[in-house]
Amino acid sequence: MTSSIPDTERRRRRRTPFRQRRRAGERAYALGVEVDLVRPEEVMHHIEQAVLTRTPSRIANHNAHSIYLTKKNPEFAAFFERADLIEVDSTPLIFFTRVLGLHSRRFHRCTYLDWRDHFWSVAARKHWRVFYLGGAPGVAAEAARRLSARYPGVEIATRDGFFDMSPGSAENAAVVQQIAEVKPHILFVGMGMPRQEIWIHHNQPLLPPTVTLSVGAAFDYEAGVQCPAPRWMGALGVEWLFRLVGDPRRLFARYCVEPWWLILPALSDVADAARKGRLFRSPRARRREAPANEVREPA
């Protein structure tokens, strides 16, 4: 599967202005977890700055499934506690934070598929070294072949995700050594939740300075093994339905059972927002209505 937007066309598009410095209201708390309300351009800015300064960075993403897993798996939850940036990979979560009166907008939903074109264009121009860990044998290699043909300036090394990831195992040590030898600017880990996050949490301290991202089936998409949902479905919040229809046996519990576990935290958030006068009221509306002598919320 090739990128949907030609690189020359993407460059001709008018760039949407974005903030290069974070504001307090952009890290939001909902359903018992923290998320960052950032747009795809801001994710790319964070990545570029970390690569430029060779600063280790951990970029995560939250959706309903991951929020559920944080309640069940302490190691998985610990991964997010150390994350430098947490994308929102869920339009329903964006809608819910809007109900709570937080600083969220539709464009704050961003995942690999939303910034992939921009990423690979920058990676090629700046000759980044990228390592992808995950996928079935041969899948990541095929994805790398396709991406290298399209973006010849980028260096891509791969390793499939079929190995013993137990801390201290010989196979895991060999994987860490392979990554260390490549010295990647970017490390994509795509082994599915919660395996990929737990692996990053255990092994990132052993790796050279790199930007590490959990990306699920990213290279399955690039290799043409899986077909992603049309982006308009993500914008409408029904991407989960596309995936459920495509693989009902594996995904039924994720989309039809797990969300029920989030009802109590959701009700708690709603009650808290109502007490604070935020429910169904945007930050901008609250600032307009605030008396002049009151301390106003950050923009």
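Buried means under 20% relative accessible area, and exposed means over 50%. Cys110 has a relative accessible area of 0%, so the residue counts as buried. Cys227 is exposed, because its relative accessible area is 58%. The model described here is predicted. A disulfide requires a pair of cysteine sulfur atoms within 2.5 Å. By this rule, the count in the model is 0 disulfides.

The nonpolar interior was examined next. The largest nonpolar core holds 40 residues. Within this core, Val35, Leu133, Phe163, Ile179, Leu187, Val189 and Trp199 touch the most other members. Apart from the largest core lies another, of 38 residues. Trp115, Tyr132, Val215 and Ala223 are among the members of this other core. Leu187, in the largest core, illustrates the contacts of a single residue. With residues up to four places away in sequence left out, Leu187 touches Phe131, Ile179, Trp199 and Leu207. Leu187 also touches Thr210, Val211, Thr212 and Leu213.

Two helix pairs were analysed. Two packed helices are described by the angle between their axes and the distance between the axes. Helix 2 spans residues 40-53, and helix 6 spans residues 112-125. These two helices pack at an angle of about 35 degrees. Their axes lie 9 Å apart. The crossing of helix 2 and helix 6 is right-handed. Helix 2 contributes Pro40, Val43, Met44 and Glu48 to the contact. Helix 6 contributes Asp114, Trp115, His118, Phe119 and Val122. By class, the residues of this contact divide into 6 nonpolar, 1 polar and 2 charged. Trp115 thus appears both in this helix contact and in the core of 38 residues.

The second pair joins helix 4, residues 74-81, and helix 9, residues 195-203. The angle is about 65 degrees, with the axes 9 Å apart. The crossing of helix 4 and helix 9 is left-handed. On the helix 4 side, the contact involves Glu75, Phe76, Ala78 and Phe79. On the helix 9 side, Glu197, Ile198, Ile200, His201 and His202 take part. The contact of helix 4 with helix 9 has 5 nonpolar, 2 polar and 2 charged residues.

Backbone features were recorded in several loops. A cis peptide bond joins Met193 and Pro194, with omega about 0 degrees. Pro194 sits in the loop between strand 7 (186-190) and helix 9. Leu31 is a residue other than glycine with a positive phi, near 55 degrees. Leu31 belongs to the loop between strand 1 (27-30) and strand 2 (33-36). Leu31 is buried, because its relative accessible area is 8%. Lys183, also a residue other than glycine, has a positive phi near 50 degrees. Lys183 is placed in the loop between helix 8 (170-182) and strand 7.

One pair of residues separated in sequence was also examined. Glu142 lies in helix 7, residues 139-150. Glu142 counts as partly exposed, because its relative accessibility is 24%, a value between the cut-offs of 20% and 50%. Glu142 and Asp220 are 78 residues apart along the chain. Their C-alpha atoms are separated by 9.1 Å.

Conventions. Residues are numbered from 1 along each chain as its sequence is written. This is a predicted model: local features need pLDDT of at least 70, side-chain atom pairs count only at pLDDT 80 or more; totals for chains, interfaces and linings use all residues. Side-chain values use heavy atoms; hydrogens and water are left out. Buried means under 20% relative accessible area, exposed over 50%, partly exposed in between (1.4 Å probe, protein chains only). A nonpolar core is a set of buried Ala, Val, Leu, Ile, Met, Phe, Trp, Tyr and Cys residues joined through side-chain atoms within 4.5 Å. Contact means heavy atoms within 4.5 Å. Axes are lines fitted to C-alpha atoms, for helices over the stretch in contact, and angles run from 0 to 180 degrees between N-to-C directions. Helices (H or I, at least four residues) and strands (E, at least two) are DSSP runs, numbered from the N terminus. A crossing is left-handed if the near helix is turned anticlockwise from the far one by less than a right angle, and right-handed if clockwise. Ala, Val, Leu, Ile, Met, Phe, Trp, Tyr, Cys and Pro count as nonpolar, Asp, Glu, Lys and Arg as charged, and the others, Gly among them, as polar.
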